[in-house]
Amino acid sequence: MTRLLKYLTLLIGAVVFAYPFLWMISGSLKPELEISGLGLWSSQFSLANYEQVLTRIPISRSFLNSLIVSLSVTTSVLVFGSMVGYALAKLQFIGKGALFLIILFTMMIPFQITLIPQYVLMVKLGLTDTYAALIAPTMMSAFSIVLFRHFFIGIPNALIDAARLDGCSELRILFRVIWPLSKPTLITVAILTFMTSWNEVLWPLIVVRERTLMTMPQLVTIFVIGGEAESQLGLLLAAATLLALPVIIAYAVFQRYFIESMVHTGVKG
Amino acid sequence: MSDGPFLSLLAIVCLAGLACVPDEKKLGESPSSVIQLTYWPAPNQQEVQLADSLVRMWNRMYPAVQVRVQPIPVSQSTEEVLLAAIAAETTPDICSNIWPGALHEYTKAGGLLPLNQFADFDSTATLRTPRELLNTFRSEDGQFHQMPWKTNPVMMFYNKKLFREAGVDRVPRTYSEYLAIGARVTRDIDGDGRIDVWMGERDIRPIWWQRLFDFYPFYIAASGGQTLFRQSEVVFDNDAAVQVMAFFRECYGRKLFPLTFFQGGDPFLLERKATHFGGPWNIATIQKLAPHLEFGIAPLPVPDNHKGQVYTAGDYKNIAIFSNTRHPREAWEFVKFLIKAEHDLLLLQIANQIPLRGDLLTNELFASYFRQNHAMVTFAEQAVYTRGMDSAPDLKEIFDVISQEYEAGAVYGRKSPHTAVQDAARRARMIIRWNQ
Amino acid sequence: MKRIVTIALSLKKSDSAGFWLVSPYLIFFLLFVAYPLVFSFILMFHRWDIVTPMEWVGLKNFERLFADPLFFKSIFNTFVFLLVHIPLQIIVALTLAVLLNSATKMRGLFRAIYFLPVIVSGVVVTILWQQLYAFDYGVLNTFLTSIGLPRIPWLVDPDVAMTSIAVMATWKNVGIYIVLFLVGLQTIPRELYESASIDGADTRKQFFYITLPMLNPTMVMIVVLSTIGGFSLFIEPFVMTGGGPMQSTLSATLYIYNQAFYFNHMGYAATLGFVFALIILAVVLLQRKLVETESVS
């Protein structure tokens, strides 16, 4: 009996979390008048709403923009984050302790305080309406540095010393010796960074006004609140589905990594 | 280790390199003896069409001064675009979509040329616009930075059929009449528990410019033509404002206006609301999208004890020359060209907007237009009895505050109309004080 | 001996190597952290619309802030949000995590479904819930009326709207906390339960005296993360309500955004950001202290 109750509760939970997505996808395929119904099936499924969205807003371009931005940010965070993490974990240099404290401190700064000055910086550098404005402020992250340092400390020094004896430079050691040993951490940082970057809306809304440069979530936001959708539900749902699809596909493939990575977000609290 | 410094260098180069996204704005500047002027009209279809035909005429007549039409970029509001252009010194020479409410910001940024420096400004302007009205466009420093061009008086549209069906045979002139008629017009026709026809409807979200179609014109009407400020002081905490607030409170409280968003299109066109407050551009929309709709146009309702002329707000759009221009004299000639009587006729014909002229109904030139477009006569009669926008800092935020207090005092009735008006004025004063 | 010398030499070499490796970060830090912090401090004493030159206004921004009803309103709204969001989040996450922990079949599948809203953009979730919450024809109200209940004014009533947004935010984020609780539950040693049942403690007692205290670190994390999330709430009200009705969903970040990018008040927005940041830090520190001392007693 309690077993039944248990699985019933879990099932209700699953319906609560999954049904809205199914409703969204089905609604995006339905004709306008059928959408508000509770059911998921319609005899008149069509791609008309998607055609409309694709002609009204440059959404494929925005997909490309998002991809460029998120990939650049992720690459940069991995490369530079692991460099700093490696230096903090395995090398001696002046001010190392202070630097680590500074990095921990930056993690505590609420973004509300730096938002406006960062925008002003972009204006002063003439970077508004460029990819640079979207990428530069998130090129490195204190959180990833801390994560890398934490993992690298556990790597035996003997490995590194041996590589040094072979005449490897520190960078070569990092990318040829350390990286292959750190795949789980690299994947975690990559997924977290990519997801955060992909889903970011506030910053793009601030620094990009040019439609052809907008990221995907930004363009969809503008589409929804700017009245271009003329409050047609089908168009809104189609745009939302297009925005959700890439992430859902990635999630379906790398599900385990996603969940494990997100558990690490707890670490920074 | 040798590649360590190289990599950090690379990081710097990357950061800097990202900045070098190619700039496409510097195209098409041809060096020649022909003077080039750039003119930004409002980005709507009719006004672009008007601008195109006027400029084609000009370019034929004056080959030495060629004008290029470029609709204002639409990504944001005109005000934002113009301010950004002033900052970046990428302004056009002339723009005909200057909202007087934003003039303070433009002149503060040093973006506009004083037009009274041209010897014939006064004669040109008064020939067209009555002096009393012209004076309301003077900047705080006593100069004129704008040439009054057109106005869109806000008036009441009413649906004759819906009135008739409810047994109403006259147009409401006062608040009590409006509310009494509203009680008869607002009905649930099919008996499903949902109201099918409303007396009126306004977007209930506190969007600042929505107040330009309810609170603000009603306030101007109720106060006999006063605006929010007098000599840069907030003066709208008076009986007129409270009466307006109380009137809208009744509209929502008695459920003559819906409290939710209206879905499915314009309710006036769909004949789901009996009255609509709007400008002359609505006529073209109605004729195009709902040709069978029988409508009338009347002045806004006023408090029961109101006497005299009924004023209203006119959504003015004026012409200005930017101080950045290299050819002020030619630009001024072009401005004078834009406001010629024949071109005002085109403004009426193409854009359905009212030129700010005193002689609209007396000048023979316009007579045939008004004979054919009878609905526009009411607007033309109203045109001189309109008031615009004070030139004050942060008007947008002040209207935002008014919107919030309107929401509290009228839409939801969580405050008394009196308190809502007092609070709005107090908060507006705070904004003004912060700006001094 | 020779070996040691070589290692010592390479260590010395690594001294400068370490510096070079961190130098990109130093540049980044100066540009995107240090400079904004310093500049935000300068901005607070200025009025500036970006277009015209900055004007020194002394403490006027702070004067305005303490007389600004919207500043207080946005703090109040954030606390309303947290008051609904945090307990709801903990209850739902804990219930589902405990059930999942004891279930063996299809645990992975359930976990994956619960986690789905976490990875999807907030924009998607907001568009979706805006339709679910619609008053006349929304799915939730259609469902309610079909089982004979009245419609709920989810987003149109000033007293309800923020709660609706908090419920939506819970739906979106609770997946993370289910997983975190699951991790926490699995670190509780089995022996604790065994010895407790020998002492005659029933399941209920075991839950309150073993499970809950052992999950305390996870709780602290949830409370802190939710608080930061509450103050960062932006896209949900921005898309759904624009901060209305009657400013009841105006969040701290939305208000900063409006002041900066709607009214062009950079100085005042920086002041708001600074004060909100102080409040966030204070609240988070206070919560840590409270939750931690509670677990001690």
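**Exercise 1: the domains of chain A**

Find how far apart the C-alpha centres of domain 1 and domain 2 of chain A lie in this predicted model, and describe where the two touch.

*Solution.* Start with the bounds: domain 1 of chain A covers 2-46, and domain 2 covers 57-268. Next, take the C-alpha centres of these two domains, which lie 33 Å apart. Now look for contacts, counting residue pairs whose C-beta atoms, placed from the backbone, lie within 7 Å. That gives 7 residues of domain 1 of chain A in contact with 7 residues of domain 2 of chain A. Finally, sort the domain 1 side of this contact by class: 3 nonpolar, 2 polar and 2 charged residues.

**Exercise 2: where chain C meets chain A**

Work out how many residues of chain C are in contact with chain A, and which element supplies the largest share of them.

*Solution.* Count both sides: 75 residues of chain C touch 70 residues of chain A. Then split the chain C side by element; helix H1 of chain C (residues 2-43) brings the largest share, with 23 residues. Last, go by class: this side of chain C holds 62 nonpolar, 11 polar and 2 charged residues.

**Exercise 3: a sheet in chain B**

Give the strand order of the open sheet of 6 strands in chain B, then follow it to E12(B).

*Solution.* Write down the order, E2-E1-E3-E11-E4-E12, and note that the pairing is mixed. Check the edges: strand E2 (65-69) and strand E12 (354-355) of chain B each pair on one side only. For E12(B), strand E4 (residues 147-151) of chain B is an antiparallel partner, over 2 bridges. To pin down a bridge, go to Thr151(B), whose bridge partner in E12(B) is Ile354(B).

Terms used
Residues numbered from 1 in each chain as written. Chains lettered and ligands numbered in written order. Predicted model: local features only at pLDDT ≥ 70, side-chain atom pairs only at ≥ 80, totals over all residues. Contact = placed C-beta atoms within 7 Å. Helix = DSSP H or I, 4+ residues; strand = E, 2+ residues; numbered from the N terminus. Nonpolar A, V, L, I, M, F, W, Y, C, P; charged D, E, K, R; others polar. Pairing = 2+ DSSP bridges. Domains from an automatic or database assignment.
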